Amino acid sequence: MTIEEAFRLVENLDYQEGLRRKFAPGFSLLQIDQRGEIVAVERYKARPTEADQIELFKRFPRTVQIQGQPGLYSSCKELMQHVSDSMWLFEKMKPS
């Protein structure tokens, strides 16, 4: 998934402006692989629980997870920077 696609999903830009976007999901979890690519964006109406986070780690093992919500990132570039800043976590992972 490209950074632009992920940004579009996190910001709910796939929903029409106005009332529909107001009721769109307000929270996201992004899974990032070791190459720095976003492999999944899951959206939630309520803040994701620990069980939601664990379920995503089971579906996408050996990934790093960051949270998102509309307005958190002002641009694709800022989201990409957050992804880059999270890459150090792979160094702390136990070998599989």
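Contact here means heavy atoms within 4.5 Å. I wrote that down before anything else, and I also noted that I'm working with a predicted model.

**Entry 1: the sheet**

I began with the strands. I found an open sheet of three of them, in the order E2-E1-E3, with antiparallel pairing. E2 and E3 sit at the edges with a single partner strand each, so one side of each has no neighbour in the sheet. I also looked up the twist: neighbouring strands are turned by 20 degrees against each other on average, ignoring direction.

Next I checked the pairings. E1 and E2 run antiparallel and share six bridges. In that pair, I found Ser28 opposite Arg43 in E2. The two strands make a hairpin with five residues between them, and Gly36 in the turn has a positive phi of about 85 degrees. On the other side, E1 and E3 are antiparallel too, over five bridges. Here I noted Leu29 opposite Gln67 in E3, and Ile32 opposite Val64 in E3.

**Entry 2: how hidden is E1?**

How many residues of E1 are buried? I got six of the six, so E1 is largely enclosed by the rest of the structure. I then sorted these residues by face. Phe27, Leu29 and Gln31 are on one side, Ser28, Leu30 and Ile32 are on the other, and all are buried, so both faces of E1 are covered.

**Entry 3: helices against the sheet**

I looked at H1 (residues 3-10) and found Ile3, Ala6, Phe7 and Val10 buried. Why do they end up on the same side of H1? They cover an arc of only 100 degrees around the axis, which puts them there. I reminded myself of the background: an α-helix has 3.6 residues a turn, so residues three or four places apart point the same way.

What covers those buried residues of H1? I listed strand E1 (27-32), strand E2 (38-44), E3 and helix H4 (76-86) among the elements that do. H1 lies across E1, E2 and E3, and runs at about 5 degrees to E2. H3 packs on the sheet as well and touches E1, E2 and E3, with its direction at about 135 degrees to that of E3. One more thing I jotted down: just after H1, Asn12 takes a positive phi of about 60 degrees.

**Entry 4: zooming in on Gln65**

I picked one residue to follow closely. Gln65 is in strand E3 (residues 64-68). Is Gln65 buried or exposed? Its relative accessible area is 17%, and since buried means under 20%, Gln65 counts as buried.

Then I asked what its side chain reaches. It makes a polar contact with the side chain of Gln31, at 2.6 Å. It also reaches the backbone oxygen of Gln53, at 3.4 Å. Leaving aside neighbours within four places in sequence, I have Gln65 in contact with Leu29, Leu30, Gln31, Gln53, Leu56 and Phe57. Three names on that list looked familiar to me: Leu29, Leu30 and Gln31 came up among the buried residues of E1.

**Entry 5: salt bridges**

Background first: side chains of opposite charge can pair when their charged atoms come close. I counted five salt bridges in the model, and I looked at some of them.

Arg35 forms one with Asp33, where the closest N and O atoms are 2.9 Å apart. How do the two partners compare in exposure? Arg35 is exposed at 62% relative accessibility, whereas Asp33 is buried at 10%. Arg35 also meets Glu37 in a salt bridge, at 3.4 Å from N to O. Glu37 is partly exposed, at 38%.

The side chains of Glu42 and Arg59 meet in another salt bridge, at 3.0 Å from N to O. What does this pair tie together? Glu42 lies in strand E2 and Arg59 in helix H3 (residues 50-59), so the bridge links parts that are 17 residues apart in sequence. Both partners are partly exposed: Glu42 has a relative accessible area of 23%, and Arg59 has 41%.

Last note for today: Asp33, Arg35 and Glu37 are joined into one network by salt bridges that share partners.

Conventions:
Residues are numbered from 1 along each chain as its sequence is written. This is a predicted model: local features need pLDDT of at least 70, side-chain atom pairs count only at pLDDT 80 or more; totals for chains, interfaces and linings use all residues. Side-chain values use heavy atoms; hydrogens and water are left out. Helices (H or I, at least four residues) and strands (E, at least two) are DSSP runs, numbered from the N terminus. Buried means under 20% relative accessible area, exposed over 50%, partly exposed in between (1.4 Å probe, protein chains only). A polar contact is a pair of N or O atoms within 3.5 Å; within protein, one must be able to donate a hydrogen and the other to accept it, and residues adjacent in sequence count only if both atoms are side-chain atoms. The arc is that of the directions from the helix axis to the C-beta atoms. Two strands pair if DSSP finds at least two bridges between them. A salt bridge is a side-chain nitrogen of Lys or Arg within 4 Å of a carboxyl oxygen of Asp or Glu. Axes are lines fitted to C-alpha atoms, for helices over the stretch in contact, and angles run from 0 to 180 degrees between N-to-C directions.
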